[in-house]
Amino acid sequence: MQKDKSINLFDLCVGILIVLISLIGMLGAVNLPGIYLDAANPDYLAVQILYPQADRVSWAVPNWGFPILGQVYHGVFSAYVMAVVIKIVGSTSVVLLHTVNTIYGIIICLMTYFIMKKMNINKWISALMSICMCCMPAMFLTYRTQFYIELPGIMFMTFSIYMLLIWSDKNEFRYLFLAGFFAGFSIYCYYNLAFMFVAYLIYLIFQMKNKKNEDKLNILLIWGSGVALGIILYVVGYTE
């Protein structure tokens, strides 16, 4: 029991460090140039969702009254998140835009830490790698350039990987389904994350090698059903 408490306290300390480093890095460069056209698009689209009468330009495919795709290669998850944040805060700004993107980055770094721990990598090494990751200049630049567009998808990709690892331990199909759902939704967020399917399938093949044929089929069907549900908005968006 004492060991579990120690691990939880260690996790909390790692999380606090990642949050503080990320926010300090973001705020320290908040006044520097770095609003790329694509990076501001969720902000514009969010304002249009909240206030249709506002004369704001946004890049979104034609829709039935509510956007599902931002462009043919990505969804609008970040725009709806931004709409909720703008509604809560009551205004929009460059700082708010960078803060929301930073939150995605924080979650990605935290999930990287938990994934490494789940893979039985030493907790100190896991913590060091995750903290170094959030200190990288590339991470801070991601929050303020067009690469913001990949952050939600990468976040859901880390959720998928973590669910796969839990399923491997517990052998409960709900985690396998969630792994598939998050994998599919990551593709909705940004199309190039479909390349991760090769890695997912290789992992599943290794996990299935000692199972019966019926079990193998069930694994593929359950994971595939999750993927289909997660990616369905992409399909619906194209019908618009």
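# Exercises on a predicted helical model

Apart from neighbours within four places in sequence, histidine 74 is in contact with Leu69, Ile149, Tyr188, Cys189, Tyr190 and Tyr234. The model behind these exercises is a predicted one.

## Exercise 1: Histidine 74

Task. Determine in which element histidine 74 is placed, and decide whether histidine 74 is buried or exposed.

Solution. Begin with the element: histidine 74 belongs to strand 2, which covers residues 74-75. Next take the relative accessible area of histidine 74, which is 5%, and compare it with the limit of under 20% that defines a buried residue; histidine 74 is therefore buried. Finally, consider the chain as it folds back: histidine 74 and asparagine 192 are 118 residues apart along the chain, and their C-alpha atoms are separated by 9.1 Å.

## Exercise 2: The overall make-up

Task. State how many helices and strands the protein has, and in what pattern they follow along the sequence.

Solution. The secondary structure amounts to ten helices and two strands. Read along the sequence, the order is α-α-β-β-α-α-α-α-α-α-α-α. Turning to burial, 42% of the 240 residues of the protein count as buried. As for contacts with a separation of 6 or more, residues 24 or more positions apart account for 70% of them.

## Exercise 3: The two sides of helix 3

Task. For helix 3 (residues 77-89), compare the end-to-end distance with the expected span, and work out where the buried residues of helix 3 lie around its axis.

Solution. First, the length: the 13 residues of helix 3, at 1.5 Å a residue, should span 18 Å, and the end C-alpha atoms are 19 Å apart, which agrees. Second, list the buried residues of helix 3, which are Ser78, Ala79, Met82, Ala83 and Ile86. Third, look down the axis: these buried residues of helix 3 fall within an arc of 140°, so they line one face of the helix. Fourth, turn to the other side of helix 3, where Val84, Lys87 and Ile88 are exposed.

Serine 78 gives a closer view of the buried face, since its relative accessible area is 12% and it is buried. Not counting residues up to four places away in sequence, serine 78 touches Pro42, Tyr104, Tyr148 and Pro152. Just after helix 3 comes glycine 90, with a positive phi of about 95°.

## Exercise 4: Helix 5 by the same method

Task. Carry out the length check for helix 5 (residues 123-135), and identify which residues of helix 5 are buried and which are exposed on the face turned away from them.

Solution. With 13 residues at 1.5 Å a residue, helix 5 should span 18 Å, and the distance of 18 Å between its end C-alpha atoms agrees. The buried residues of helix 5 are Ser126, Ala127, Ser130, Ile131, Met133 and Cys134. They cover an arc of only 155° around the axis, which puts them on the same side of helix 5. The face turned away from this buried side carries the exposed residues Trp124 and Leu128.

## Exercise 5: Asparagines with positive phi

Task. Locate asparagine 120 and asparagine 171, and state what phi each takes.

Solution. As background, most residues other than glycine have a negative phi. Asparagine 120 lies in the loop between helix 4 and helix 5, and its phi is near 65°, a positive value in a residue other than glycine. Because its relative accessibility is 72%, asparagine 120 counts as exposed. Asparagine 171 is found in the loop between helix 7 (151-170) and helix 8, and has a positive phi of about 55°. With a relative accessibility of 45%, asparagine 171 counts as partly exposed.

Asparagine 171 is also one of the contacts of lysine 211, which, leaving aside neighbours within four places in sequence, include Lys216 and Ile219 as well. Lysine 211 itself is placed in the loop between helix 9 (197-208) and helix 10.

## Exercise 6: Helix 8 against helix 10

Task. Describe at what angle helix 8 (residues 173-189) and helix 10 (residues 213-239) cross, and which classes of residue make up their contact.

Solution. The two axes come within 6 Å and cross at roughly 35°, and the crossing of helix 8 and helix 10 is right-handed. Among the residues that meet are Phe177, Phe181 and Tyr188 in helix 8, together with Ile222, Trp223 and Tyr234 in helix 10. Sorted by class, the contact of helix 8 with helix 10 has 16 nonpolar, six polar and no charged residues.

Definitions and conventions. Residues are numbered from 1 along each chain as its sequence is written. This is a predicted model: local features need pLDDT of at least 70, side-chain atom pairs count only at pLDDT 80 or more; totals for chains, interfaces and linings use all residues. Side-chain values use heavy atoms; hydrogens and water are left out. Axes are lines fitted to C-alpha atoms, for helices over the stretch in contact, and angles run from 0 to 180 degrees between N-to-C directions. Helices (H or I, at least four residues) and strands (E, at least two) are DSSP runs, numbered from the N terminus. A crossing is left-handed if the near helix is turned anticlockwise from the far one by less than a right angle, and right-handed if clockwise. Contact means heavy atoms within 4.5 Å. Ala, Val, Leu, Ile, Met, Phe, Trp, Tyr, Cys and Pro count as nonpolar, Asp, Glu, Lys and Arg as charged, and the others, Gly among them, as polar. The expected span of a helix is 1.5 Å times one less than its number of residues. Buried means under 20% relative accessible area, exposed over 50%, partly exposed in between (1.4 Å probe, protein chains only). The arc is that of the directions from the helix axis to the C-beta atoms.
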